[in-house]
Amino acid sequence: MDKANILKQERETTWRIELRKKIKNKDRTSIERVKMPEADPSERRRSFMEVNRGLTSEAAMTEASRCLDCPTPTCIEGCPVGINIPKFIKNIERGEFLEAARVLKETSSLPAVCGRVCPQEKQCEANCFYTRKLKKPAVAIGYLERFAADYERETGNISIPKKAASKNKKIACIGSGPAGLSFAGEMAKRGYDVTVFEALHEIGGVLKYGIPEFRLPNNIVDVEIESLKKLGVKFETNFIVGKTATIEELKQEGFEGFFVGSGAGLPRFMGIPGENLVGILSSNEYLTRVNLMEANKEDSDTPILKGKRVAVIGGGNTAMDSVRTALRLGAEKAMIIYRRSEEEMPARVEEIKHAKEEGVEFLTLQNPIEYLGDNKGYVRQIRVQRMKLGEPDASGRRRPIPVEGDEYLLDVDTVVVSVGVAPNPLIPQSMPDLKTTSWRTLEVDQESLQTSVPFMFAGGDIVRGGATVILAMGDGRKAANAMDQQLSKNLESSVKE
Amino acid sequence: MNKVVRKEFFSENVVCLEVEAPRIAKARRAGHFVIVRVDKKGERIPLTISSADVDKGTITLVVQRVGVTSKKLTDLEPGECVADLVGPLGQATDVKKVGTVLACGGGVGVAPLLPIVEAFKKAGNKVVSVLAARTKDLIILEKQIREYSDDVLIMTDDGSYGEKGLITEGMEKVIAREKIDEAVIIGPAIMMKFAAEVTRKHGIPSIASLNTIMVDGTGMCGACRVTVDGKTKFVCVDGPEFDAHKVDFDEMLLRLNGYKDFEKNAYERYNRMQQ
């Protein structure tokens, strides 16, 4: 039976029909969208506590009742992993929170993560009937996902998805970020023996070293990783595929399928004078020192520069994470310097709002052109160029152009460069047969995510460049599906022989 | 995993550790390094692999006590483990037959120099090594270096062993008496800077193995960046070896000092806690 029919049939279960009858659609649509309770800005700006506090059961049930349980739920189309959104939301409406969490896990390996960091306003919620047809705020799908996943974790009733019979096939997953974790979970459910190889000493990729505690607490990531372990996924940390062992060696050890989810972890710098002064660092370094190495804590051996005047260069989510981290490390002045206007900022609106509430200053239409240091090599000033917007460029955003002669000096003691990342070159370097694009991403078949090496699939930022957690997870799921088909076909043909 | 199987004091503050790491032992080549994290609260530091025993599945690291992490590491006793050990990292040395190689090692820099000397010798080169240190006790691995060198010159600042003088004086002496085709320079940044000036003056192609601040060691943060030939390079993935005549050593020295106060304070705090 195809997906649309399954959805229809599920919608016709008695409890869903009764739930729909309980409240008139007109009454449902007149309920106001729930607001996420947040920690007070004055309290949270100096603390790594989570900013979004989560919904109460009552608020979640009310919000869930806004969902109209549409016959053709377009919201699902907006979700890269295809979560059965009405089914989990209707379970919340009737108070079956654990059942809601189980539904999430049918297709998502990390619901507590996605509920927190997905840009829902561009995905599921952008495709909600409320936004599309009623021109009203969408059902808070992200908040509800987070609620169900948190409820399951906090009550300790964590369900492990059903597993297919063992296929006795070893699969290697390179990288333990969102793409790898999603792939590993899917393959384990399908009965494969999956080992995830991770270069760092912790599992989770950007979820651990990148996204800060105040947006995504590490212990939440760890609980979801525990669930994958219970599914039978094995993890090898401190293992760099291509260095610690080659792909060829792993094949000899019996691995039949490979998934590359090694991400885009290579920071870009601008190449302007003075950029290598002390006190100028990439957001990757800054965030890794704090999030992975816990440099903000007394008992950590890893040091961190606690700048008083910190400038973060860039306007993406990573820039927001960095500048808000600077505040929490005690900065008196934490500034965003962005070459376009606020309208063009790639960061989520919610993150920009949070940063502003916490006192971050936004220096838009400005761009650093030189760094000046003292005789010890520490950065002291930025030469800032003012910009204006010109015609739209290839990305559709208006191109920033310098206003000739309009520049000034800005005093700083720490600069965090957050102008983007490039694909990690370790795997392509160690496998010359692997085709790459001019962007140094891996070339894959758009449907199957298979690379130019038949036993190797790839997804996430190593294919997309810097993208989002949920797109990476969607890729992991898609690649698992394709690899499973390929290996099952091989199995069938070998049985026939 | 990562168990210390042997520990030897080369001098009061220079310790040689043999650590179990079968995969790394097998995969490593001359020039490679590892990243070590001693314990759960530990930082990640780079250490060059000095030698490896594939049969025993071990690698050898030489560590100089300078701060909290090197102290914690050198305090480990055989049987204890380091929490994390990852590698081999970086690009291996480009070992070719070039003729006569001048291998220059300062202080603990002799440890990473050893596998390179061995590799150049095995590739059919004549190898002349110059080892230098402040004083006699700090000359390390002399016997092992001799094994793969045609000649070895020892220099000490105080003249307590070998000849009195700096490494550059020893290098000049060798260069004056024979034709050198390539030089390899490893040691403290300031020593590499002046040693590179000597070979530049004589037009000898030279490589230096840089030891910068690192965090991940896999190219994802840029903490280790240096300017080489006017371009920013990451020591952990593009290096650690570069054309010694193209490295901006002055910038590298400033960057190495970036966390000095932290390091000093952390070490004092750690020592107080130990008492």
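A salt bridge is counted here where a side-chain nitrogen of Lys or Arg lies within 4 Å of a carboxyl oxygen of Asp or Glu. By that rule the whole structure, which is a predicted model, has 74 salt bridges over all chains. One of them pairs the side chains of Glu121(A) and Arg348(A), with N and O 3.0 Å apart. The two partners are 227 residues apart in the chain. Glu121(A) sits in the loop between helix H8 (111-117) and helix H9 (129-134) of chain A, while Arg348(A) belongs to the loop between strand E8 (333-338) and helix H17 (349-357) of chain A.

The domain assignment divides chain A into three parts. Domain 1 covers 22-155, domain 2 is made of two segments, 170-265 and 423-496, and domain 3 covers 267-421. Glu121(A) and Arg348(A), the pair described above, therefore fall in domain 1 and domain 3 respectively, given that a domain is defined by the bounds of the assignment.

Domain 1 and domain 2 of chain A have C-alpha centres 28 Å apart. Their contact takes 22 residues from domain 1 of chain A and 26 residues from domain 2 of chain A. Between them the two domains bury about 2,100 Å², with 71% of this area on carbon and sulfur atoms. On the side of domain 1 of chain A, the residues that lose the most area to domain 2 of chain A are Ser109(A), Leu110(A) and Val117(A), which together make up 27% of what that side buries. The rule finds 0 salt bridges across this interface of domain 1 and domain 2 of chain A.

The next boundary is the one between the chains. Here 42 residues of chain B are in contact with 44 residues of chain A. The two chains bury about 3,500 Å² between them, and 52% of that area is on carbon and sulfur atoms. Across the interface of chain B and chain A the rule finds 4 salt bridges. Glu249(A) forms a salt bridge with Lys26(B), in which the closest N and O atoms are 3.4 Å apart.

Empty space inside the model comes next. Rolling a probe the size of a water molecule over the atoms shows where such space is left. The structure holds 6 cavities of 30 Å³ or more, and the largest cavity contains about 160 Å³ of space. It is lined by 17 residues, of which Val278(A), Ile213(B), Ala223(B), Arg255(B) and Tyr259(B) are the closest to its centre. Two or more lining residues come from each of strand E6 (280-282) and helix H15 (283-292) of chain A, and from each of strand E13 (225-228) and helix H8 (249-256) of chain B. H8(B) gives the largest share, 3 residues. By class the lining of the largest cavity has 11 nonpolar, 2 polar and 4 charged residues.

A few backbone details remain. In chain B, the peptide bond from Gly87(B) to Pro88(B) is cis, with omega near -5°, and Pro88(B) lies in strand E6 (residues 84-89) of chain B. A cis peptide bond also joins Gly239(B) and Pro240(B), with omega about 15°. Pro240(B) is found in the loop between helix H7 (235-238) and strand E15 (241-243) of chain B. In chain A, Asn238(A) has a positive phi of about 50° although it is not a glycine. Asn238(A) is part of the loop between strand E3 (234-236) and helix H14 (247-252) of chain A.

Note on methods. Residues are numbered from 1 along each chain as its sequence is written. Chains are lettered from A and ligands numbered from 1 in the order in which they are written. This is a predicted model: local features need pLDDT of at least 70, side-chain atom pairs count only at pLDDT 80 or more; totals for chains, interfaces and linings use all residues. Side-chain values use heavy atoms; hydrogens and water are left out. On a 1 Å grid over the protein atoms alone, a cavity is a set of points where a 1.4 Å probe fits but cannot get out, and a pocket is an open set with protein on both sides within 12 Å along at least five of seven lines; lining residues have an atom within 4 Å of a point. Grid points are joined across faces, edges and corners, and a volume is the space filled by probe spheres set on the points. Helices (H or I, at least four residues) and strands (E, at least two) are DSSP runs, numbered from the N terminus. Ala, Val, Leu, Ile, Met, Phe, Trp, Tyr, Cys and Pro count as nonpolar, Asp, Glu, Lys and Arg as charged, and the others, Gly among them, as polar. Contact means heavy atoms within 4.5 Å. Buried area is the accessible area (1.4 Å probe) that two parts lose on being put together, summed over both.
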